[in-house]
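Open the model in your viewer and keep the selection panel at hand. We will move from one selection to the next.

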Amino acid sequence: MATTKHRFNELSWPQLGLLIGGDGLVFIIFALLGRSSHGLSAEQPLLAAVRVAWPFFVGWLLVAPWTGVLRQHPPLRMIGLSLGTWLVALPVGLLLRWFQLGRSSPFSFALVTFLTVAALLIIWRGGYSWWMMRRTTS
């Protein structure tokens, strides 16, 4: 039984790459949504979104290995771990953004960032975990 649980928790390199790639996409979507909601346009919107997203994604990547969120878990546990990780990663991302811009962000920005990314992480990571769980039990 311990072998099955161990196999379920461990991700292969391609699975880990997919999970992290999906996480990166979450942060890009967040930035695209934010830029769109503020009516900001750029010649290269994807590059502009990457510039907005990178501090938060890097913050996520710095925190994620320590919280166990880069392993496979049942969907509800994955969602809980992801939200806890994001709660810790957000201040790291805000600090990196401060270094990037040379100024701090208002509380309203931090709150909207937290809620938007949290919703996107719930959708992405909950769905990914559910899909992986179905694959391993089939």
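This tour of a predicted model goes from a helix to the core and then out to the surface.

**Stop 1: α2.** Select residues 13–37, which make up α2. This helix has 25 residues. From first C-alpha to last it reaches 36 Å, close to the 36 Å expected at 1.5 Å a residue. Now colour its buried positions: Q15, L16, L19, G22, D23, G24, V26, F27, I28, F30, A31 and R35. What covers them? Show α3, α4 and α5, which are among the cover.

**Stop 2: the largest core.** Select F27, W60, W86 and V117. These have the most contacts inside the largest nonpolar core, a set of 22 residues. Helices α2, α3, α4 (75–101) and α5 (107–137) each supply at least two of the core's residues. Which helix gives the most to this core? It is α3, with 6 residues.

**Stop 3: the second core.** Add L11, L16, L19 and M132. They belong to a separate core of 5 residues.

**Stop 4: W60.** Centre on W60 and list its contacts. Leaving out residues up to four places away in sequence, W60 touches D23, F27, V69, S82, T85, W86, A89, L121 and R125.

**Stop 5: the surface.** Turn on the surface and select L32, L46, V50 and W54. Together they form a nonpolar patch with about 340 Å² of accessible area. Helix α3 (residues 45–67) gives the most to this patch, with 3 residues.

**Stop 6: W54.** End on W54, in helix α3. Its relative accessibility is 35%, so W54 counts as partly exposed.

Technical notes:
Residues are numbered from 1 along each chain as its sequence is written. This is a predicted model: local features need pLDDT of at least 70, side-chain atom pairs count only at pLDDT 80 or more; totals for chains, interfaces and linings use all residues. Side-chain values use heavy atoms; hydrogens and water are left out. Patches are made of residues with over 30% relative accessible area and no salt bridge: like charges are joined within 9 Å, nonpolar side chains (Val, Leu, Ile, Met, Phe, Trp, Tyr) within 5 Å. Accessible areas come from the Shrake-Rupley method with a 1.4 Å probe; for residues, only the protein chains shown count as cover. A salt bridge is a side-chain nitrogen of Lys or Arg within 4 Å of a carboxyl oxygen of Asp or Glu. Helices (H or I, at least four residues) and strands (E, at least two) are DSSP runs, numbered from the N terminus. Buried means under 20% relative accessible area, exposed over 50%, partly exposed in between (1.4 Å probe, protein chains only). A nonpolar core is a set of buried Ala, Val, Leu, Ile, Met, Phe, Trp, Tyr and Cys residues joined through side-chain atoms within 4.5 Å. Contact means heavy atoms within 4.5 Å. The expected span of a helix is 1.5 Å times one less than its number of residues.
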